[in-house]
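Colleague: Before I rely on any of the words used for this structure, could we go through them and set each value beside its definition?

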Amino acid sequence: MLAPLIVEESVEAFLDSHGLGTGPVTATRIGDGGGSNFTFLIERGGERFVLRRPPRPPLPPSAHDMVREAGLQTAIRVAGFRRLADIVAVCEDESVLGVPFYVLRFIDGHVITQELPPGLETGDARRALGLDLVDTLVEIHAAEGPSLDSFRRPGSYAERQVRRFTQLWEINKTRDLPAVDDVSRLLAERLPEPLPETVVHGDYRLGNMMVARDDPTRIVAVLDWEMGAIGDPRADVGYLLATYSEPEGKFSPLGSTPVTTEPGFPTRAELVARYAARSGREIEPLAWFEALALWKAAVFCEAIYGRFTRGELGAEDTRAAIFEHVVPLLAETALEAIS
């Protein structure tokens with residue numbers, strides 16, 4: 001028997017200890033899931049919160065660190081970036097749910113994945129949202145201050161990413177995929193000269209944004225900071241391109257937010273031009289960073305696929321079976337990008 005993801009009585013006691021609401025707890029899973037971290041809507045006494053927790057153990061080294069993820073968001077807010085949900089409690093005590101987790105104050109908005117919410121019926125509205133997606137990234141990369149110092153690391157962010165995910169592949173892989181190894185080698189051989197470091201989200205795509213319910217052209221919160229760090233800002237731009245399917249153009253192999261193929265959304269070239277103009281940064285070689293993003297996604301998705309094949313996910317995440325085919329596609333696409 002797999003351990004439950006949520007034990008409502010334990011969550012109720014934890015919230016009581018932090019003065020968050022009163023009465024019985026009702027927990028409802030929200031989001032697409034897929035075997036990575038889990039998010040639950042927590043309702044009690046007329047108040048609503050959001051609880052974010054990792055999958056069931058065992059977990060890969062340095063992955064799914066909820067305490068670090070919460071701490072980084074707090075540091076980013078202090079450094080000047082405001083489009084974040086308020087974190088109201090962090091639990092490091094694994095006896096509560098078997099894993100660390102944190103609790104956020106609920107924001108009433110839309111997370112766009114498979115369908116567009118009301119208010120985005122026109123091309124002008126969709127274009128405005130696409131441009132705000134870029135402008136929000138520029139704001140993230142502009143955050144700075146001493147609150148971020150503890151998250152800085154010496155050396156090249158790009159080199160660390162290649163080294164770390166090469167090591168993770170050896171831990172995560174369930175089969176031999178030569179394309180993954182080929183991309184790892186090429187990334188290491190062609191490391192770009194670093195830019196001055198900024199906050200990096202690490203999983204920057206429309207599906208990790210929350211838009212305002214009354215104005216869905218406006219992003220009100222950036223979610224899912226598990227991959228956040230201090231690093232090369234081009235990593236976020238490359239990841240956005242790798243996950244972005246454009247109107248009448250290139251389709252992302254991740255297919256995470258297919259709605260951006262609708263007329264009005266900016267093209268990939270327009271996203272890049274907007275970022276370069278608003279940030280004032282030199283952004284090449286973006287192909288290297290796009291390949292990095294696709295390759296990292298392959299490594300990460302293979303970890304989820306492995307947990308699925310070992311029966312560690314439970315019935316709530318059978319969709320992870322698609323990674324049998326998605327991981328090789330991501331690796332081949334990454335190889336094409338860097339070649």
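The conversation below takes up the overall form, a set of paired strands, and some individual residues.

Modeller: This is a predicted model, in which local features need pLDDT of at least 70 and side-chain atom pairs count only at pLDDT 80 or more, while totals for chains, interfaces and linings use all residues. Residues are numbered from 1 along each chain as its sequence is written, and side-chain values use heavy atoms, with hydrogens and water left out.

Colleague: What makes the radius of gyration agree with that of a compact globule?

Modeller: The radius is taken over C-alpha atoms, and the globule rule is 2.2 Å times the number of residues to the power 0.38. With 339 residues, that rule gives a value near 20 Å, and because the chain has 20 Å, the two agree. Along its principal axes, the C-alpha trace spans about 55 × 45 × 40 Å.

Colleague: How many helices and strands does the chain have?

Modeller: There are 10 helices and 10 strands, where helices (H or I, at least four residues) and strands (E, at least two) are DSSP runs numbered from the N terminus.

Colleague: Why is strand 3 called largely enclosed?

Modeller: Buried means under 20% relative accessible area, exposed means over 50%, and partly exposed lies in between, with a 1.4 Å probe and protein chains only. Five of the seven residues of strand 3 (residues 47-53) are buried, so strand 3 is largely enclosed by the rest of the structure. The conclusion for strand 2 is reached in a similar way, because six of its seven residues are buried. Over the chain, buried residues make up 54% of the 339 residues.

Colleague: How do you know that strand 2 and strand 3 pair?

Modeller: Two strands pair if DSSP finds at least two bridges between them. Strand 2 (residues 38-44) and strand 3 have seven bridges, in the antiparallel sense; among the partners, Leu41 is matched with Val50 and Thr39 stands opposite Arg52. These two strands form a hairpin with two residues between them, and Gly45 in the turn has a positive phi of about 55°.

Colleague: Which strands pair with strand 2 and strand 3 on either side?

Modeller: Strand 1 (residues 26-30) pairs with strand 2 over five bridges in the antiparallel sense, and Thr26 has Glu43 as its bridge partner. Strand 3 pairs with strand 5 (residues 101-105), again antiparallel, over four bridges, with Val50 opposite Leu104.

Colleague: Why is Glu248 called exposed, and Gly123 partly exposed?

Modeller: Glu248 has a relative accessible area of 87%, which is why it is called exposed. Gly123 has 29%, and is therefore partly exposed. Gly123 is found in helix 4 (residues 123-142), and, leaving aside neighbours within four places in sequence, Gly123 is in contact (heavy atoms within 4.5 Å) with Pro263 and Gly264.

Colleague: What makes the backbone at Glu248, Asp224 and Pro285 worth a remark?

Modeller: Most residues other than glycine have a negative phi, and most peptide bonds are trans. Glu248, in the loop between helix 7 (234-242) and helix 8, has a positive phi of about 55° although it is not a glycine. Phi of Asp224 is near 60°, and Asp224 lies in the loop between strand 9 (219-222) and strand 10 (229-231). A cis peptide bond, with omega about 5°, joins Glu284 and Pro285, and Pro285 is found in the loop between helix 8 (268-279) and helix 9 (286-309).
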